[in-house]
Amino acid sequence: MELWDIYDKDKNVTGKTMRRGDPFEKDAYHLVVHVCMFNKNGEMLIQQRQPFKSGWANMWDITVGGSAVAGDTSQQAAEREVLEELGYKIDLHGIRPSLTINFQVGFDDYYLVEVDLDIRELTLQPEEVQRVKWATKEEILTMIDQEIFIPYRKSLIELLFDMRKYMGSHS
């Protein structure tokens, strides 16, 4: 049983929790984290979800993502998801999300990081991830058109690539 902290509309922890899968109460929100890992060539590490996963089975996705569990900060949840899904230890201490996107019942925090890693050395979580590869922005946009990548808004994918080396909205 996975427990989630409940946040208010301003992203403050309320001190209440809920079980994953339970209906949301009015004005209750939860936190989801995403980590987009880029290499020095400007490619994003993407993962293919397992065929037996509920929701987006067999589809390609950004590097990692998942819900924060009760007690997690955004950074802790992001570090945990990277370690669980890829077997890679990343340190996000003191790093804030590059962007936060509100959705109906929560907040999506996106971390954009550059890493130097050999994907052959990753330990993929067999319950979640069947394979990974490096992909360019154009490859991901084509995969969305081919309906083999989770149907993110193309403008979001473009923004993730454009923001990967910057914080803030000014150049």
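Reader: I am starting with the strands. Which residue in β8 is the bridge partner of Leu-31?

Author: That partner is Phe-107. Please keep in mind that this is a predicted model.

Reader: What makes β3 and β8 a pair of strands?

Author: Pairing asks for at least two bridges between two strands. β3 and β8 are joined by 9 bridges, so they count as a pair. The two strands run parallel.

Reader: How do you know that β7 pairs with β8 too?

Author: The test is again at least two bridges. Between β7 and β8 there are 5, so this is also a pair, in the antiparallel sense. One of the places to look is Leu-99, whose bridge partner in β8 is Tyr-110. With 2 residues between them, β7 and β8 form a hairpin.

Reader: Why is β8 called mostly covered?

Author: A residue is buried when its relative accessible area is under 20%. In β8, 8 of the 9 residues are buried, so the strand is described as mostly covered.

Reader: Glu-114 is in β8 as well. What makes its meeting with Lys-40 a salt bridge?

Author: The cut-off is 4 Å between the side-chain nitrogen and the carboxyl oxygen. For Glu-114 and Lys-40 the N to O distance is 3.9 Å, which is within that limit, so the pair is a salt bridge. Lys-40 sits in the loop between β3 and β4, and the two residues are 74 residues apart.

Reader: Why is Lys-40 called exposed and Glu-114 partly exposed?

Author: Exposed means over 50%, and Lys-40 has a relative accessible area of 61%, so Lys-40 is exposed. Glu-114 has 39%, which falls between 20% and 50%, so Glu-114 is partly exposed.

Reader: How do you know that Glu-128 and Lys-53 form a salt bridge?

Author: Their closest N and O atoms are 3.2 Å apart. That is within 4 Å, so this pair counts as well. Glu-128 lies in the loop between β8 and β9, and Lys-53 lies in the loop between β4 and β5, so the salt bridge ties together parts 75 residues apart in sequence.

Reader: Are those two residues buried or partly exposed?

Author: Lys-53, at 19%, is under 20% and therefore buried. Glu-128, at 21%, is not under 20% and therefore partly exposed.

Reader: Which residues are linked in a network of salt bridges?

Author: The network links Asp-72, Arg-80, Glu-81 and Glu-84. Within this group, Arg-80 and Glu-81 meet at 3.1 Å, N to O. By the salt bridge rule, the count comes to 14.

Reader: Why are Asp-72 and Glu-81 called buried?

Author: Asp-72 has 15% relative accessibility and Glu-81 has 8%; both values are under 20%, so both residues are buried. Asp-72 is found in the loop between β6 and α1. Its contacts beyond four places in sequence are Asp-5, Tyr-7, Ala-77 and Arg-80.

Reader: What makes Tyr-88 partly exposed?

Author: Tyr-88 has 21% relative accessibility, which is between the 20% and 50% limits, so Tyr-88 is partly exposed. Its place is the loop between α1 and β7. Beyond its neighbours within four places in sequence, Tyr-88 is in contact with residues including Met-37, Val-82 and Leu-122.

Definitions and conventions:
Residues are numbered from 1 along each chain as its sequence is written. This is a predicted model: local features need pLDDT of at least 70, side-chain atom pairs count only at pLDDT 80 or more; totals for chains, interfaces and linings use all residues. Side-chain values use heavy atoms; hydrogens and water are left out. Helices (H or I, at least four residues) and strands (E, at least two) are DSSP runs, numbered from the N terminus. Buried means under 20% relative accessible area, exposed over 50%, partly exposed in between (1.4 Å probe, protein chains only). Contact means heavy atoms within 4.5 Å.
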